[in-house]
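Welcome! Here is a short tour for anyone opening this structure for the first time.

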Amino acid sequence: MLIRNAEIHGHGQADLRIEGGIITAIGHLEPRAGEPVIKAQGGALLPGLHDHHLHLAALAVREASIVCGPPDVTNRDALFEAFSASGEGWLRGVGFCESLLDGMLPDAAFLDTLAPHRPLRIQHRTGRMWLLNSMALAKLLEGAAPPPGLERLNGRYTGRLFDEDRWLQQALGSAPPDLAITSSRLAAFGVTGLTDMSPRNDPSIARHFAQQIETGALKQSLVLAGALSIAEAEPVNWRLGPAKLHLHENALPDFDETCAWIASAHDQGRGVAVHCVTEVELVFTLALFEAAGIPRAFGRGDRIEHASIVPPDLARRMAELHLSACVQPGFVSQHGDRYLAQVEPRHQPDLYRLRSLQQAGVPLGAGSDAPYGETDPWAAMRAAVQRRTRRGIAFTPDEALSPEQALALYLADPLDLPRQRHIAVGGQADLCLLDRPWRQARERLSAQDVRITIASGRVVHQRIDQAPRERLTRTEPAAA
């Protein structure tokens with residue numbers, strides 16, 4: 001395959017040839033007989049974007065779920081309307097927020113009014129809680145003992161299920177979902193690589209992902225984070241990512257045991273990725289890394305996920321410990337109005353920092369946290385540059401990045417966030433072709449500009465309003 005007249009990231013105007021999934025030449029190149037040609041017409045050719053933090057299976061399941069939270073559903077009446085369609089079998093809702101019910105967290109009795117004749121489960125926007133109606137409770141408890149996380153008050157189950165996803169999957173007899181639709185939608189954004197950050201990823205889910213890649217359902221290259229046990233799986237069609245530690249401020253793990261867990265991850269040659277959304281969680285994490293130490297040969301593989309609240313002194317400590325951070329710049333746009341309303345003003349400057357983290361020496365990569373965040377990386381780049389809420393209110397504008405810095409968040413090496421990926425001869429052909437040069441695209445940062453996505457040398461997305469690929473029937477004769 002030959003891409004002609006592209007504005008190649010890091011090279012300027014040139015042609016690029018792909019053979020066997022590898023970039024084999026960059027420069028002024030003549031087409032070969034029968035070689036497929038893409039006429040870039042001066043459009044920017046970028047390295048494929050990488051989403052450094054998402055939850056693939058949950059995202060795929062969300063496609064068949066009812067959204068029941070902001071911005072789609074914003075009040076009680078809209079919530080009832082969302083579940084008004086007739087049908088049979090289970091109903092699954094996602095994204096619920098208490099603001100819909102004036103701060104009330106519903107119980108099974110309330111959910112019975114939403115769906116009186118069907119089993120209903122609704123996931124809270126945090127992803128940590130499920131809300132079940134009475135029929136759902138009865139069906140789940142028919143064949144499974146109640147878990148510790150199923151709330152019980154005055155001898156009765158409330159229908160609130162906390163941190164029990166694995167139990168719920170087993171009780172439902174759920175199989176991992178097909179990823180084809182989700183993968184195609186991500187490809188349309190120019191995304192060619194994914195890091196699944198689900199802490200429960202194990203050899204079983206690794207085999208499912210490998211099969212999805214083998215069949216072509218999952219088109220992106222894949223890095224799997226997760227449990228220590230996932231290192232026991234053979235990495236077929238995927239790469240082993242960091243060990244994931246999901247902290248909860250109200251139930252922090254034993255310090256010494258967690259230090260030993262970090263050491264075990266390092267012994268596997270893996271980084272450790274720690275979920276930190278509160279200041280307490282970040283302080284605890286930094287103390288862990290200070291105590292556990294980072295092996296000299298290991299380098300800079302440990303990272304903070306989300307880094308939601310980072311006071312300046314903790315940013316400096318992160319840099320001193322050679323930690324990277326995976327941030328969600330889109331959250332400022334998606335949830336900024338709620339943060340401004342609910343977070344104390346003195347803490348707001350510490351929310352979802354970007355520029356100051358970079359200035360402190362903390363390398364950054366970006367992820368969507370989908371399905372708990374929106375999947376469009378271009379919207380997240382705009383949010384990183386504009387730093388405005390959905391209502392247009394400025395949100396710590398001093399933390400804004402340039403368009404080039406925002407793009408770089410998605411060009412980081414997934415296993416080494418301080419390192420940027422580049423387009424180079426000998427490298428894997430993961431590419432994103434825009435329909436315009438970067439000087440124009442940087443002003444828009446729009447997914448609408450993505451024209452073609454190439455993953456491992458194969459076109460996995462092509463915008464349907466153009467037909468840029470041509471098969472040449474002949475070439476100019478070579479010079480004598």
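The notes below go through a parallel sheet, two helices, an antiparallel group of strands and the cysteines.

Please keep in mind that this is a predicted model. A good place to begin is an open sheet of eight strands, paired in the parallel sense. From there, you can move on to helix α6, whose buried residues pack against β6 and β13, among others.

**The parallel sheet**

- Reading across the sheet, the strand order is β6-β13-β14-β15-β16-β17-β18-β19.
- At the edges sit β6 (49-54) and β19 (364-366), each of which pairs on one side only.
- From one strand to the next, the twist averages 25°.
- For a closer look, try β13 (residues 191-196) and β14 (residues 221-226), a parallel pair joined over four bridges.
- Within this pair, T195 has V223 of β14 as its bridge partner.

**Helices to look for**

- Helix α8 (residues 255-267) lies across β15 (239-246) and β16 (272-275), and α8 runs at about 175° to β15.
- Helix α6 covers residues 180-187, and its buried residues are T182, S183, L186 and A187.
- Looking down the axis of α6, you will find these buried residues within an arc of 135°, so they line one face of the helix.
- As background, an α-helix has 3.6 residues a turn, so residues three or four places apart point the same way.
- The packing partners of the buried α6 residues are β6, α1 (56-62), β13, β23 (450-455) and β24 (458-462).

**An antiparallel group around β10**

- Strand β10 (residues 129-132) sends M129 and L131 one way and W130 and L132 the other, and all of them are buried.
- Strand β9 (residues 120-124) runs antiparallel to β10, with three bridges between them.
- Here I122 stands opposite L131 in β10.
- β9 and β10 form a hairpin with four residues between them, and G127 in the turn has a positive phi of about 80°.
- β10 also runs antiparallel to β12 (residues 156-162), again through three bridges.
- On that side, W130 has L161 of β12 as its bridge partner.

**The cysteines**

- How many disulfides does a search of the whole structure find? The result is zero.
- C68 is in no disulfide, and the nearest cysteine sulfur, that of C97, is 10 Å away.
- C68 counts as buried because its relative accessibility is 0%.
- C326 is in no disulfide either, with the nearest cysteine sulfur, that of C276, 12 Å away.
- C326 is buried too, at a relative accessible area of 0%.

Notes: Residues numbered from 1 in each chain as written. Predicted model: local features only at pLDDT ≥ 70, side-chain atom pairs only at ≥ 80, totals over all residues. Heavy atoms only, no water. Pairing = 2+ DSSP bridges. Axes fitted to C-alpha atoms, helices over the stretch in contact; angles between N-to-C directions. Contact = heavy atoms within 4.5 Å. Disulfide = S-S within 2.5 Å. Buried < 20%, exposed > 50% of the residue type's maximum accessible area, 1.4 Å probe, protein only. Arc of directions from axis to C-beta.
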